[in-house]
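Here are some exercises for you to try with the model open in your viewer. Have a go at each task before reading its solution.

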Amino acid sequence: MNRSVGNGVRRNSSGLARDFEILEILGSDEALRSGGLGVSQVAQLTGRDKAVASRTLATLAETGLVERDDETLRYMLGSRLYALAARTASTSLVHASRGILRRLVQSTRETSHLCVLRGGNVLTLMSELSPHDVRTTGWAGTTTAAWRTPSGRALLSDWDEDALEQWYDDHGRDQPLVGRFDQSDDSVFPVLDAPPPGNAPVTDFASLLTELGRIRDQGYALSDEELEFGVVAASAPITDFTGRVVAAINVSAPKARIGSRLDALGTLVGRASRELSSRLGATPDR
């Protein structure tokens with residue numbers, strides 16, 4: 001029996017399952033490559049009568065979950081579905097990240113961060129602090145220059161060259177601290193106005209492309225006293241179900257404690273980012 005909700009009727013679970021099957025088909029590689037599927041194709045792929053498939057598609061189109069191209073008459077996933085997915089991914093990202101950041105702190109004994117790209121630079125959403133008395137800064141709520149941080153470069157690692165060139169023109173010379181950040185003058189790890197000679201992976205657009213290629217190959221980005229005096233860091237990109245980079249995990253630590261183990265830290269952070277990406281629906285081929 002169907003249950004009524006308010007003035008409407010909620011369809012039974014089998015009807016919902018059939019609708020979801022159509023959404024999955026419209027999200028398939030075949031549908032995405034061809035710019036959608038026609039009613040006949042959907043009917044064939046679902047094994048349903050063409051009239052039934054047509055009515056179901058029309059109902060889904062009314063809700064905004066699918067859209068129809070008026071010229072090709074093909075159906076594709078709708079903007080409302082993508083909006084819902086984006087909200088779900090954002091909520092899942094914050095919820096799932098906290099446990100992973102805490103585990104990173106437990107395993108590394110160093111401070112971990114969750115970062116996103118906002119306004120062309122890096123906003124740290126949350127930080128989990130190291131248990132050591134001497135530890136690196138918790139950057140939650142602070143915006144830093146993307147070109148000066150491994151998390152920023154990890155966040156840019158899936159951009160195409162044209163978009164990167166425009167980004168570099170706009171932000172390639174931004175100051176290290178873009179937003180407000182109160183740091184005492186006697187901080188153990190003061191922010192550097194400029195990286196020491198030889199410690200800046202990015203000095204121009206060509207070096208940016210080289211560094212991003214390295215990140216894509218090895219799965220993580222590194223920083224050696226680039227933003228803060230005496231601090232090293234490793235970051236790795238987090239991808240969602242579309243394969244798009246949506247965030248980055250970062251672990252920062254005093255250089256004196258990490259020593260020559262920075263690549264090992266990068267490998268560990270990369271493993272954590274893949275776990276979080278999987279929770280957001282990412283697959284190995286995306």
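**Exercise 1. Locate L73 and E225, and describe the backbone and exposure of each.**

Step 1. L73 sits in the loop between β3 (66-68) and β4 (75-77); strands here are DSSP runs of E with at least two residues, helices are runs of H or I with at least four, and both are numbered from the N terminus. A word on the ground rules: this is a predicted model, in which local features need pLDDT of at least 70, side-chain atom pairs count only at pLDDT 80 or more, and totals for chains, interfaces and linings use all residues. Residues are numbered from 1 along each chain as its sequence is written, and side-chain values use heavy atoms, with hydrogens and water left out.

Step 2. The phi of L73 is near 65 degrees, positive although the residue is not glycine. Most residues other than glycine have a negative phi.

Step 3. L73 counts as partly exposed, at 46% relative accessibility. The classes are buried (under 20% relative accessible area), exposed (over 50%) and partly exposed in between, with a 1.4 Å probe and protein chains only.

Step 4. E225 belongs to the loop between β8 (221-224) and β9, and its phi, near 50 degrees, is also a positive value in a residue other than glycine. With 15% relative accessibility, E225 counts as buried.

**Exercise 2. Work out how helix α7 is oriented.**

Step 1. List the buried residues of α7 (residues 161-171): L164, W167, Y168 and H171.

Step 2. Look down the axis: these buried residues fall within an arc of 100 degrees, so they line one face of α7. The arc is taken from the directions that run from the helix axis to the C-beta atoms.

Step 3. Find the partners. The buried residues of α7 pack against β6 (121-128) and α8 (205-218), where contact means heavy atoms within 4.5 Å. On the face turned away from the buried side are the exposed residues D162 and D169.

Step 4. Check the N-terminal end, which D160 caps: one of its side-chain oxygens is 3.2 Å from the backbone nitrogen of D162.

**Exercise 3. Describe the surroundings of T136.**

Step 1. T136 is in the loop between β6 and β7 (143-144), and it is buried, with a relative accessible area of 2%.

Step 2. Its side chain makes polar contacts with the side chains of T111 (3.5 Å) and S252 (2.8 Å). A polar contact is a pair of N or O atoms within 3.5 Å; within protein, one must be able to donate a hydrogen and the other to accept it, and residues adjacent in sequence count only if both atoms are side-chain atoms.

Step 3. Beyond its neighbours within four places in sequence, T136 also touches other residues, including L129, F189 and V231.

**Exercise 4. Which residues have the most contacts inside the largest nonpolar core?**

Step 1. This core has 25 residues, and those with the most contacts inside it are L93, L114, I238, I249, L265, V269 and L276. A nonpolar core is a set of buried Ala, Val, Leu, Ile, Met, Phe, Trp, Tyr and Cys residues joined through side-chain atoms within 4.5 Å.

Step 2. Trace the elements: α5, β5 (111-118), β9 (231-239), β10 (245-254) and α10 (262-279) each supply at least two of its residues.

Step 3. Another core, of 19 residues, lies apart from it, with A145, W147, F205 and L208 among them.
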